[in-house]
Amino acid sequence: MKKTYYLLMLACGLFLSTQHSFAQKDSSGIYKTALDFQQRKLSYAINCKVEKHKINANVLCKGAKVKVKHRGTTYTFRKSEVFGYRACDGQQYRFVDNTEYSILNPVESLLLYFYQHPAHSAKDINQYPPMYFFSKEATSSLQQLTKANLKAAFPDDHKFHDALDTNFKNDKELYAYDSFHKMYKLNWLLKNYKN
């Protein structure tokens with residue numbers, strides 16, 4: 001009896017870990033709150049390999065509403081009432097003041113965001129360069145990604161301030177990815193130089 005119980009518990013544990021992996025890699029849906037984002041809890045979620053739905057891109061880029069067509073029914077949300085969403089390609093987004101920001105590093109502690117106006121294509125990148133932002137946590141407001149703003153966000157962390165000055169010559173380097181550590185360099189520094 002005990003052996004059967006333990007085998008059942010092991011099977012349940014494997015199933016749950018498989019479901020968690022599925023939710024991370026092959027899913028799309030809406031994050032209603034910052035807590036949902038932190039816990040990777042999607043509403044109106046689908047498995048992109050076997051299901052389809054539509055998060056209306058035309059509404060996302062302009063206006064105050066998000067439309068989700070999910071299993072034959074269309075749902076409309078105010079952008080101010082939801083945190084963001086995850087697309088089938090794995091990209092995750094956050095809404096702030098009716099604007100959609102790409103989250104570059106959704107699993108790291110200091111979140112980095114990318115924004116380029118939808119009307120500006122890659123050929124316009126010199127005239128309209130993309131903008132980068134950060135937030136200390138998913139619940140924090142976005143701030144422009146600059147060394148001055150980072151230092152203000154961590155006012156008592158002088159080791160981190162010194163690491164910023166040592167490792168980044170200018171603000172454009174702050175969104176560099178560290179392929180050796182497989183994370184953004186800024187988060188690696190924060191993790192290793194935090195008081």
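Buried means under 20% relative accessible area, exposed means over 50%, and partly exposed lies in between (1.4 Å probe, protein chains only). This is a predicted model, in which local features need pLDDT of at least 70, side-chain atom pairs count only at pLDDT 80 or more, and totals for chains, interfaces and linings use all residues. Residues are numbered from 1 along each chain as its sequence is written, and side-chain values use heavy atoms, with hydrogens and water left out.

**Exercise 1. Get an overview of the protein.**

Step 1. Start with secondary structure: there are six helices and 13 strands. Helices (H or I, at least four residues) and strands (E, at least two) are DSSP runs, numbered from the N terminus.

Step 2. Turn to burial: 38% of the 195 residues of the protein count as buried.

Step 3. Now the surface: the protein exposes about 12,200 Å², and carbon and sulfur atoms supply 54% of it. Such areas come from the Shrake-Rupley method with a 1.4 Å probe; for residues, only the protein chains shown count as cover.

Step 4. Finish with contacts, meaning heavy atoms within 4.5 Å. Among those between residues at least 6 apart in sequence, 41% join residues at least 24 apart.

**Exercise 2. Find the disulfide and describe its setting.**

Step 1. Look for cysteine sulfur atoms within 2.5 Å, the cut-off for a disulfide. The structure holds one: cysteine 48 and cysteine 88, with sulfur atoms 2.1 Å apart.

Step 2. Check the handedness: the angle about the S-S bond is -85°, and the link of cysteine 48 and cysteine 88 is left-handed.

Step 3. Place both ends. Cysteine 48 sits in the loop between β2 (43–47) and β3 (53–55), while cysteine 88 sits in the loop between β6 (84–86) and β7 (92–96), so the bond ties together parts that are 40 residues apart in sequence.

Step 4. Are these cysteines buried or exposed? Cysteine 48 has 21% relative accessibility and counts as partly exposed; cysteine 88, at 42%, also counts as partly exposed.

**Exercise 3. Work out the surroundings of strand β1.**

Step 1. Count buried residues: five of the five in β1 (residues 27–31) are buried, so this strand is largely enclosed by the rest of the structure.

Step 2. List the pairings, where two strands pair if DSSP finds at least two bridges between them. β1 pairs with β2 in the antiparallel sense over three bridges, and the pairing of β1 with β6 is antiparallel over three bridges.

Step 3. Pick out the partners. Serine 27 is bridged to asparagine 47 in β2, and tyrosine 31 to glycine 84 in β6.

**Exercise 4. Trace the sheet that contains β4.**

Step 1. Which strands form this open sheet, and in what order? Three do, in the order β3-β4-β5, with antiparallel pairing.

Step 2. Identify the edges: β3 and β5 (73–78) each have a single partner strand, so one side of each is left without a neighbour in the sheet.

Step 3. Examine one pairing in detail. β4 (residues 65–70) and β5 are antiparallel over six bridges, and lysine 65 has arginine 78 in β5 as its bridge partner.

**Exercise 5. Describe the environment of leucine 190.**

Step 1. Locate the residue: leucine 190 belongs to helix α6 (residues 185–193).

Step 2. Check its cover: with a relative accessible area of 5%, leucine 190 is buried.

Step 3. Find what touches it. Leaving aside neighbours within four places in sequence, leucine 190 is in contact with Ser109, Leu110, Phe154 and Phe160.
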